[in-house]
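Visitor: I am new to protein structures and would like to learn how to read one. Could you walk me through it?

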Amino acid sequence: MVEHLLAKEKVASSNLVFRSKSFHKKLDMNEFPNQLDNNLKQFFILGNTALDASRKITKDVNFANSELKDDGSLLTKFDLSVEEKIFEILSESDADIITEEILEKKENKEFCWYVDPIDGTTSFSKGIPLFGTIIGLTHKDKPIMGFIDLPKLGDRYISINKYGCFLNKKLVKASELGNLNEAIISYGSPQRFAKENLIDQLRKIDDLAWDSRGYSDCFGYSLVFRGAIDLFIEADLNPWETVAIENLSLESGAGYAEKESINGKKNIIFGSKNLIEQTTDIFGGDWTIK
Ligand SMILES: [Mg+2]
């Protein structure tokens, strides 16, 4: 087991060096993001400014009253105030904006922001520090940037198309593990998988995995991008979650698969590229692997 661990570590560190070298040709981290082209630079700066504002509002909150929304999830006054602030900031760009709660700007622009002001509102409202803000950006419907900010942990993940995925400005890389029986996997609420009639398949994957943990929402997703866990499976997500997750996954070197859910949203699987196909095979159905 120890030899196995050492071998794994060696592979991971050699890959990291390789990725860093290739990355530095394109972008000097000390000048981040000055070497991005003007369009990307403006989006990068506005995305970061929006997350700074969001973090300022939520990071010291330890309890919030909530009400139930029609879809069964929770809403607090902070979801709305964060959304309003982010919307105001992102409105400075020449892009449409789609948000989880109320606000939207649809003018048929090439670029579109997708905003989940607080992902993990259940955790947020109860003082569990595993909530965050998710922002994604598309160009002609293709995800090109992803942001996840975890205010209580002080962690910010950013991915930029063809530039990589960063945790607090340091390049991170997803797992490349190939055997499910060595993998740590995580997934969202099994209740959602039951509604999708996928609970038996999820159970089978869980049985095959080395271990599983219920890391929730954007905190759980982020563990894939830095290779802390090998695979995440989530059911019935919205575009203000999936746009960012897709770009963060692909730019961290992870694989990403999606399939339409019963409600017309998306079931997604992301993590080590070498685990995606064996997982979609078990679930069955018409998955798109990216
Ligand atoms: Mg939310």
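**Reading strands and helices**

Guide: Let's begin with a hairpin in this predicted model. Strands β6 and β7 form a hairpin, with two residues between them. In that turn, Lys140 has a positive phi of about 50°.

Visitor: How many bridges join β6 to β7, and in which sense do they run?

Guide: Strands of a sheet pair through backbone hydrogen bonds, either parallel or antiparallel. Here, strand β6 (residues 132-139) runs antiparallel to β7, and seven bridges join them. To find one of these in the picture, start at Ile134, whose bridge partner in β7 is Ile148.

Visitor: What does β7 do on the way to β8?

Guide: β7 and β8 form a hairpin too, this one with four residues between the strands. Look for Gly154 in the turn, with a positive phi of about 70°. The pairing of β7 with strand β8 (residues 155-160) is antiparallel, over six bridges. Leu150 stands opposite Asp155 in β8.

Visitor: Is strand β7 largely enclosed or largely open?

Guide: Strand β7 (residues 142-150) is largely enclosed by the rest of the structure, because eight of its nine residues are buried.

Visitor: Now for a sheet with more strands. In what order do the six strands of the open sheet come?

Guide: Reading across, the order is β12-β11-β13-β15-β14-β16, and the pairing is mixed. The edges are held by β12 (211-213) and β16 (288-289); each has a single partner strand, so one side of each is left without a neighbour in the sheet. Further in, strand β13 (residues 231-237) and strand β15 (residues 266-271) run antiparallel, joined by five bridges. Try finding Glu234 there: its bridge partner in β15 is Ile268.

Visitor: And helices? How are two packed helices described?

Guide: Two packed helices are described by the angle between their axes and the distance between the axes. Take helix α2 (residues 38-58) and helix α3 (residues 77-90): their axes come within 9 Å and cross at roughly 155°. An angle over 145 degrees counts as roughly antiparallel, and α2 and α3 are therefore roughly antiparallel to each other. Their crossing is right-handed.

Visitor: Which residues meet where α2 and α3 come together?

Guide: On the α2 side they include Leu46, Ala50, Ala53 and Ile57, and on the α3 side they include Phe78, Val82, Ile86 and Ile89. Overall, the residues of this contact divide into nine nonpolar, four polar and one charged.

How values were computed: Residues are numbered from 1 along each chain as its sequence is written. This is a predicted model: local features need pLDDT of at least 70, side-chain atom pairs count only at pLDDT 80 or more; totals for chains, interfaces and linings use all residues. Two strands pair if DSSP finds at least two bridges between them. Axes are lines fitted to C-alpha atoms, for helices over the stretch in contact, and angles run from 0 to 180 degrees between N-to-C directions. Angles under 35 degrees count as roughly parallel, over 145 as roughly antiparallel, 65 to 115 as roughly perpendicular and the rest as oblique. A crossing is left-handed if the near helix is turned anticlockwise from the far one by less than a right angle, and right-handed if clockwise. Two residues are in contact if their C-beta atoms, placed from the backbone, lie within 7 Å. Ala, Val, Leu, Ile, Met, Phe, Trp, Tyr, Cys and Pro count as nonpolar, Asp, Glu, Lys and Arg as charged, and the others, Gly among them, as polar. A residue is buried if 20 or more other C-beta atoms lie within 10 Å of its own, exposed if 12 or fewer, and partly exposed in between; C-beta atoms are placed from the backbone.
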